[in-house]
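Please read the following report alongside the sequence and the coordinates. It moves from the chain as a whole to the ligand shell, and then to the strands and cores.

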Amino acid sequence: MSIELRDGQPLRLDESRRVLEIAAEAEATDGSPPLSEQFRLSVESGDPNVTHVLSYAAEPALAGYAQVRAGSADEPPAAELVVAPGWRRQGVGSALLAALPREARVWSHATGPAAKAADAFARAMGFEPVRSLLVMGRSLVDGPPWPVAVVPERYSVRSFEPGRDEDAWVAVNAAAFASHPEQGALTRRDLEQRMAQPWWDPAGFILVVDESATGDTDHADRIAAFHWTKVDPPEGDTGEVYVVGVSPDRQGEGLGKAVTILGLDHLRARGLRDVILYVDEENVAAVRTYAGLGFTDREVHRQYALIE
Ligand SMILES: CC(C)(COP(=O)(O)OP(=O)(O)OC[C@H]1O[C@@H](n2cnc3c(N)ncnc32)[C@H](O)[C@@H]1OP(=O)(O)O)[C@@H](O)C(=O)NCCC(=O)NCCS
């Protein structure tokens, strides 16, 4: 068996095709895609932050693939790997893992029995789960009804207004997610990038505002809580609780639950059938809130790290 590394170099067309074929074979066998969207897209790109790792069981047969994305100053590199179903239990996965930087965090997106296999593999290699991202979901047409939203009197509810709410929202998002490295770092530019996506719909970006408060900019109200819902693809029938946040000085007033419910009402009124969300398993308060609103666990995505 041989391992080939492409550090910041794109794969050849025949290689990237075979990698995507392996990913498709794995998905058909395992019932879940082994690579997340960003990693899959990078299979075909020459991104300088990406290293491709190819495992040849016997030339010219590519048997497995790993991809590493460089991290930032305080974030370790992230990796994903997949072995063609016909080449498993022959040491291909181990060889790929051994070729990754020791500090890399490896994602498993597998579900069901494939998740058990990934977990057994990772543990056999000395890795342990360090982060779990839970996918929770519920039907919007069946299942336990959710309660009516109770918004304290001094607040009013309206949709995000482009051109008016950007700075105030970036500020409240940063405050609400101060301890969350990815979400809390969102800038106005990041927000505007998302506003340019086909799924952007300000009607689904719900704000709870305190009319009596005056901010330091020219907007006359203050965002106390928000629920940004997302429907991607826009013509699909599944909505997402994309981001829910409550300003730290407004927490404990029931606004998180109220604004979550307002978003569910909105998605149901749009005629959607199902809603999902991603939440860190460790965020017990959020997981409990969602479970109380009828959400159940659908999938767990785990990130593994080598335990020294
Ligand atoms: C998980 C995966 C990468 C393993 O690849 P592989 O080439 O079969 O792994 P290896 O042959 O190197 O296995 C090494 C050890 O891991 C453990 N292991 C691997 N697959 C296992 C399984 N299905 N059940 C139990 N243990 C398993 C075993 O201890 C194995 O040693 P052994 O074969 O001598 O018993 C492969 O099944 C895969 O591509 N799965 C889908 C993608 C995925 O889940 N990626 C995330 C990985 S964290």
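What percentage of the 308 residues in the protein chain do buried residues make up? They make up 33% of the chain, in what is a predicted model.

## Overall architecture

The protein chain has eight helices and 12 strands, and its C-alpha trace spans about 70 × 40 × 40 Å along the principal axes. Among contacts between residues at least 6 apart in sequence, 70% join residues that are at least 24 apart.

## The shell around the ligand

There are 24 residues around the ligand, and those that come nearest are Arg-88, Gly-93, Ser-94, Ala-117 and Ala-120. Sorted by class, the shell holds 16 nonpolar, five polar and three charged residues.

Several elements supply at least two residues each to this shell, namely helix 1 (13-30), strand 4 (78-83), helix 3 (92-98), strand 5 (105-108) and helix 4 (112-124). Helix 4 gives the most, with seven residues.

## Strand 4 and its partners

Strand 4, one of the elements that contribute to the ligand shell, is mostly covered, since five of its six residues are buried. Six bridges join strand 4 to strand 3 (residues 61-69), and the two run antiparallel; within this pairing, Gln-67 stands opposite Glu-80 of strand 4. Strand 4 is also joined to strand 5, here by two bridges and in the parallel sense, with Ala-79 opposite Val-106 of strand 5. Between these two strands the chain passes through helix 3, and the resulting β-α-β crossover is right-handed.

## Tyr-65 in strand 3

Tyr-65 lies in strand 3. Is Tyr-65 buried or exposed? Tyr-65 counts as buried because it has 29 C-beta neighbours inside 10 Å, where 20 or more are needed for a residue to be called buried. Leaving aside neighbours within four places in sequence, Tyr-65 is in contact with Val-19, Ile-22, Val-53, Leu-54, Leu-81 and Val-82. Arg-250, by contrast, is 185 residues from Tyr-65 in sequence and 47 Å from it in space, taken from C-alpha to C-alpha.

## Strand 9 and its partners

Why is strand 9 described as largely enclosed by the rest of the structure? Strand 9 is described in this way because nine of its nine residues are buried. Strand 9 pairs with strand 8 in the antiparallel sense over six bridges, and it pairs with strand 10, again antiparallel, over six bridges. Phe-226 of strand 9 takes part on both sides: Leu-207 stands opposite it, and in strand 10 its bridge partner is Gly-245.

## Two nonpolar cores

The largest nonpolar core has 35 residues, and the members with the most contacts inside it are Val-208, Ile-223, Phe-226 and Val-259. The elements giving two or more residues to this core are strand 6 (127-139), helix 5 (166-176), strand 8 (205-210), strand 9 (222-230), strand 10 (238-246), helix 7 (255-269) and strand 11 (274-280). Helix 7 gives the most to this core, with six residues. Not counting residues up to four places away in sequence, Val-259 touches Ile-206, Val-208, Ala-225, Phe-226, His-227 and Val-244.

A second core, separate from this one, has 34 residues, among them Ile-22, Ala-63, Leu-97 and Leu-100. Ile-22 is also one of the residues in contact with Tyr-65.

Definitions and conventions
Residues are numbered from 1 along each chain as its sequence is written. This is a predicted model: local features need pLDDT of at least 70, side-chain atom pairs count only at pLDDT 80 or more; totals for chains, interfaces and linings use all residues. A residue is near a molecule or strand if its C-beta atom, placed from the backbone, lies within 6 Å of it. Helices (H or I, at least four residues) and strands (E, at least two) are DSSP runs, numbered from the N terminus. Ala, Val, Leu, Ile, Met, Phe, Trp, Tyr, Cys and Pro count as nonpolar, Asp, Glu, Lys and Arg as charged, and the others, Gly among them, as polar. A residue is buried if 20 or more other C-beta atoms lie within 10 Å of its own, exposed if 12 or fewer, and partly exposed in between; C-beta atoms are placed from the backbone. Two strands pair if DSSP finds at least two bridges between them. A crossover is right-handed if, with the strands pointing away from the viewer, the path from the first strand over the helix to the second runs clockwise. A nonpolar core is a set of buried Ala, Val, Leu, Ile, Met, Phe, Trp, Tyr and Cys residues joined through C-beta atoms within 7 Å. Two residues are in contact if their C-beta atoms, placed from the backbone, lie within 7 Å.
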